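Me: I'm new to this structure and would love a close look at a single part of it. Please pick one stretch, and walk me through what surrounds it.

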Amino acid sequence: MILVPVIDLMQGQVVRAVRGERRTYRPIVSGLCAGSDPIELARALCRHCDSRQLYAADLDALMGGQAQHDVVRALLQAMPELELWLDAGFVDAAMADAARERIGVAAQRIVPVFGSESLRSRAALQGCFADGRDGMLSLDRRDGLRLDEAGCWDAPALWPQRVIVMTLERVGADCGPDLDTLREVQARSPAARLIGAGGVRNAADLALAGEAGAHAWLVASALHDGRLPPVRRAAP
């Protein structure tokens, strides 16, 4: 199981995500390092997971505010080997392209995440991954309801190779991963490489997620709380 660490950005700080209730989020308190600085937290998380990939949710942008381009640019400049999976409320491919242009040359290492909660139409979904465009789709749901104005869940033919299965009410809730939804998505697209999000508490949860078909899992709270040990790179 591949661990992909997560930072949730709000007003230039890393905050602790709990159940997708974004307006209640507060600055992170982490066992990995002091403070809520995005660069310091990103370095600590990637070091703990032995990862060159990091998922970042720009909560300001997701809630309709100003995107945190300066924070993202600084993060990429400070970590030159980082591949950043960025969810910034992109409504279509043009919005993601505009964000990359604003961020500058370092944005070549951004993989845009197009969330079903944000995409505005089926045509927008189709355009996100047309002509070999790089990116991921996040299939978002909360409390059993799909967040999906564009109809992403019912269009597996339009999905990219990598698909995130995001169960928002389990994020930071210490209640275990949503494996039923993961299996549902796998049945819709057996060839998709699935990345789960939300609920993982410990190594046993990760093992069950792998058995259910997950290729990787997005993790934050269990890392900050010390419930997942450091990942050690295998000797060559």
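Reply: **Helix 7 and its surroundings**

Helix 7 spans residues 203–211, and its buried residues are D205, L206 and A209 (buried means under 20% relative accessible area, exposed over 50%, and partly exposed in between, with a 1.4 Å probe and protein chains only). These residues sit on the same side of helix 7, because they cover an arc of only 100° around the axis; the arc is taken from the directions from the helix axis to the C-beta atoms.

A word on the basis: this is a predicted model, in which local features need pLDDT of at least 70 and side-chain atom pairs count only at pLDDT 80 or more, while totals for chains, interfaces and linings use all residues. Residues are numbered from 1 along each chain as its sequence is written, and side-chain values use heavy atoms, leaving out hydrogens and water. Helices (H or I, at least four residues) and strands (E, at least two) are DSSP runs, numbered from the N terminus.

Now look at the two ends. At the start of helix 7, N202 brings a side-chain oxygen to within 3.2 Å of the backbone nitrogen of A204. After helix 7 comes G213, with a positive phi near 115°.

What lies over the buried residues of helix 7? Strand 1, helix 6 (179–188) and strand 11 are among the elements that cover them, judged by contact (heavy atoms within 4.5 Å).

Strand 1 is worth following further. Eight of the nine residues of strand 1 (residues 2–10) are buried, so strand 1 is largely enclosed by the rest of the structure. Strand 1 also pairs with strand 11 (residues 214–219) in the parallel sense, over four bridges; two strands pair if DSSP finds at least two bridges between them. Here I2 has A216 of strand 11 as its bridge partner. Strand 1 runs parallel to strand 4 (residues 53–58) too, joined by four bridges, and V6 has Y55 as its bridge partner there. With strand 2 (residues 13–16) the sense is antiparallel, with three bridges, and L9 is matched to V14. Strands 1 and 2 form a hairpin with two residues between them, where Q11 in the turn has a positive phi of about 50°.

For contrast, turn to A34, in the loop between strand 3 (26–27) and helix 1. A34 counts as exposed, because its relative accessibility is 72%.

Notes
A polar contact is a pair of N or O atoms within 3.5 Å; within protein, one must be able to donate a hydrogen and the other to accept it, and residues adjacent in sequence count only if both atoms are side-chain atoms.
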